[in-house]
Amino acid sequence: MGDLTQVPPDFQTALSALRRAQSRPEVRLAEIPAPARLAPFAVALSADVRERPHRRQQGPQLVGPREAAQAAEEPALATGRFVLLYDPDESALWNGNFRIVTYMRAQLEPDMGNDAMLGSVAWTWLVEALEDHGAHYSDAGGTATRVLSESFGSLDAREDNIDIELRASWTPREADIRAHLEAWGDMLCAFAGLPPLPAEVTHLPRLGRS
């Protein structure tokens with residue numbers, strides 16, 4: 001986990017908040033290498049949403065070869081990344097010490113993928129998720145992109161796919177960012193087309209620092 005004596009107290013608070021965050025059982029989270037050049041301190045998570053919930057478990061999910069193969073074959077409804085950046089010297093670009101940078105992608109039904117309002121709807125989902133969880137933030141921004149995949153030649157039998165990607169970032173106004181990650185997880189489930197529901201929870205793995 002690294003020598004936490006060298007980690008600023010506010011970033012330690014943020015790491016603790018991530019460990020306490022709860023997610024729906026369809027969301028599978030894992031810590032991944034954090035970007036090293038964007039901020040002095042950073043932590044990153046990857047996530048995917050699958051229809052078959054995994055078992056409630058604290059700490060990293062350890063599976064055998066057969067379970068790993070089954071998980072690899074099971075298509076993800078949505079995927080994403082959640083990155084928390086921290087600079088002890090407040091960043092003028094962020095208007096704060098923290099910055100959350102996120103990415104998510106999901107495949108859409110053709111009729112929904114052709115909706116001209118799709119991008120603004122996706123952004124509204126994210127804003128509403130943050131508000132519903134009481135996550136205080138400022139300086140939010142993002143872009144929504146629709147990606148059309150067409151197949152030709154020997155792959156001509158494949159149906160066209162339309163994916164939506166949402167890249168967003170915002171400045172949390174508190175070091176306790178648990179609500180921000182929980183809101184993002186709900187947004188990822190909305191991206192995957194899952195209805196909101198009270199779910200059993202799973203705890204995130206222990207997190208280190210960049």
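**Note on strands β3 to β5 and the nonpolar core**

1. Strands β3 and β4 pair in the antiparallel sense, over nine bridges. Strands here are DSSP runs of E with at least two residues, helices are runs of H or I with at least four, and both are numbered from the N terminus; two strands pair if DSSP finds at least two bridges between them. Within this pairing, Val43 stands opposite Leu84 in β4.

2. The model is predicted: local features need pLDDT of at least 70 and side-chain atom pairs count only at pLDDT 80 or more, while totals for chains, interfaces and linings use all residues. Residues are numbered from 1 along each chain as its sequence is written, and side-chain values use heavy atoms, with hydrogens and water left out.

3. β4 and β5 also pair in the antiparallel sense, over 10 bridges. They form a hairpin with four residues between them, and Asn95 in the turn has a positive phi of about 65°. Ser91 has Gly96 in β5 as its bridge partner.

4. The largest nonpolar core (buried Ala, Val, Leu, Ile, Met, Phe, Trp, Tyr and Cys residues joined through side-chain atoms within 4.5 Å; buried means under 20% relative accessible area, exposed over 50%, partly exposed in between, with a 1.4 Å probe and protein chains only) has 43 residues. Phe11, Val49, Leu84 and Phe191 touch the most other members. Elements supplying at least two residues each include β3, β4, β5 and α4. The largest share, eight residues, comes from α5.

5. Val121 lies in helix α4, residues 118-132. Val121 counts as partly exposed because its relative accessibility is 31%.
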